[in-house]
Amino acid sequence: MIFATVVAPHHNSLALPCSLCWLWFHLFQCDVSNQSYSVHEDVVNKPWRPVSSGRISVEDSRALRWGLMVFCLGLSSLFGLNVLITSAVLTVLMIVHDDFHLSHHPIFKNLCNAGGYLTFELGSMLILSGESSLDRISITALCCSALVILVTIHAQDFADANGDRRSGRRTLLIVAPEGSRIYMLCVLPLLSFALIFFWNLGPLCSSSFCFHGLLGRNSLLSLPR
């Protein structure tokens, strides 16, 4: 939401609650779908989640997922054709990620995640700006965001390795345990420097980018092998 607020070409303060509502329901939809298909690994990785803790059954969570899909498409139709298309694309990505098990593949999982985050950002920006299209800067920022997510999203798998092995997932960490760590240690600071030069940032923003890139790098170093 912060990304959409900063990058949107125009700002309509009255549209902010609508944008937040749209984003919340679409995140809820994806969370329910993901948890209904990841219960075996969540028993190990995240036992406090509703499905893995037994507070809702897998069957009920999947029924809720389909209901949310219809609701989110209907909600999106209120904000125009482009928002509806964005919601539909997110739905397709969610289905191929969960139902067709692309989440088990180290590359396709990253592609689905990058596409999902891109639709979250795009839909929020379209509603917030009140426009049917975006300007060049907004589109460029979306592309940069998608690229960063594509090449770094698997960092979240480091903490979930035990559950992923149990469910049969082939994440990058499992396929290449050492190589994935070396890759992440290099790519985080490199992305920070690349974005600094691409956007021609000033000293304060450049320092913040470098700090967070190095902070993420050091966090990975502290993870158990």
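Is Phe-28 buried, exposed or partly exposed? Select Phe-28 in your viewer and color it by accessibility: with a relative accessible area of 29%, Phe-28 is partly exposed. Keep in mind throughout this tour that the model you are looking at is predicted.

**Stop 1: the rings around Trp-24**

Keep Phe-28 selected and add Trp-24. Both residues belong to helix α2, 4 residues apart, which is about one turn of the helix. Their ring centres are 5.2 Å apart and their planes stand at 35°, so this pair is tilted. Now add Phe-25. The pair of Trp-24 and Phe-25 is edge-to-face, with 5.1 Å from centre to centre and 90° between the planes. Like Phe-28, which has 29%, Phe-25 is partly exposed, at 22% relative accessibility.

Finally, add Phe-71 to the selection. Ring pairs join Trp-24, Phe-25, Phe-28 and Phe-71 into a cluster. The structure holds 5 aromatic pairs.

**Stop 2: along helix α2**

Show α2, residues 16–37, as a ribbon. Helix α2 has 22 residues and reaches 32 Å from its first C-alpha to its last, close to the 32 Å expected at 1.5 Å a residue. Next, show its buried side chains, among them Trp-22, Leu-23, His-26, Gln-29 and Cys-30. What covers them? Switch on α3 (39–45), α4, α5 and α6, which are included in the cover over the buried residues of α2.

**Stop 3: the largest nonpolar core**

Two of the α2 residues you have just seen, Trp-22 and Cys-30, lead to the next stop. Select them together with Val-83, Phe-120, Met-125 and Leu-134: of the 16 residues in the largest nonpolar core, these touch the most other members. The helices α1 (2–7), α2 (16–37), α5 (81–98), α6 (106–129) and α7 (136–152) each supply at least two residues of this core. Which helix gives the most to this core? That is α6, with 4 residues.

Zoom in on Val-83. Leaving aside its neighbours within four places in sequence, Val-83 is in contact with Trp-22, Ser-76, Leu-126 and Ile-127. Another core, of 8 residues, lies apart from the largest one; Ala-161, Val-187, Leu-188 and Leu-191 are among its members.

While you are in this part of the model, select Thr-119, which sits in helix α6. Thr-119 is buried, with a relative accessible area of 7%. Not counting residues up to four places away in sequence, Thr-119 touches Trp-22, Thr-86, Val-89, Leu-90 and Leu-93.

**Stop 4: charged partners**

Side chains of opposite charge can pair when their charged atoms come close. How many salt bridges does a search of the whole structure find? It finds 2.

For one of them, select Asp-42 and Arg-49, whose side chains meet at 3.1 Å, N to O. Asp-42 counts as buried, at 2% relative accessibility.

For the other, select Asp-99 and Arg-65, where the closest N and O atoms are 3.1 Å apart. This pair links distant parts of the chain: Asp-99 is in the loop between α5 and α6, while Arg-65 is in helix α4 (residues 58–77), 34 residues apart. Arg-65 is buried, with a relative accessible area of 0%, whereas Asp-99 is partly exposed, at 22%.

Stay with Arg-65 and add Trp-66: Arg-65 lies over the face of Trp-66, at 4.2 Å from the ring centre. Then select Arg-62 and Tyr-37, where the charged end of Arg-62 sits over the ring of Tyr-37, 4.0 Å from its centre.

**Stop 5: Arg-166 and its contacts**

Select Arg-166 in helix α8 (residues 161–167). Arg-166 is exposed, with a relative accessible area of 54%. Leaving out residues up to four places away in sequence, Arg-166 touches His-40, Val-43 and Val-44. Draw a distance between the C-alpha atoms of Arg-166 and Val-44: they are 122 residues apart along the chain, yet separated by 8.5 Å.

**Last stop: helix α10**

Select residues 177–199, which form α10. This helix has 23 residues and reaches 33 Å from its first C-alpha to its last, close to the 33 Å expected at 1.5 Å a residue. Its buried residues include Arg-181, Met-184, Leu-185 and Pro-189. Val-187, Leu-188 and Leu-191 are buried residues of α10 too, and you have already met them in the core of 8 residues. End on Asn-200, which follows α10 and has a positive phi, near 55°.

How values were computed:
Residues numbered from 1 in each chain as written. Predicted model: local features only at pLDDT ≥ 70, side-chain atom pairs only at ≥ 80, totals over all residues. Heavy atoms only, no water. Expected span 1.5 Å × (residues − 1). Buried < 20%, exposed > 50% of the residue type's maximum accessible area, 1.4 Å probe, protein only. Core = buried A, V, L, I, M, F, W, Y, C linked by side-chain atoms within 4.5 Å. Contact = heavy atoms within 4.5 Å. Salt bridge = Lys/Arg side-chain N within 4 Å of Asp/Glu carboxyl O. Phe/Tyr/Trp six-rings, centres within 6.5 Å; stacked < 30°, edge-to-face > 60°. Lys NZ or Arg CZ within 6 Å of the ring centre and 35° of its normal.
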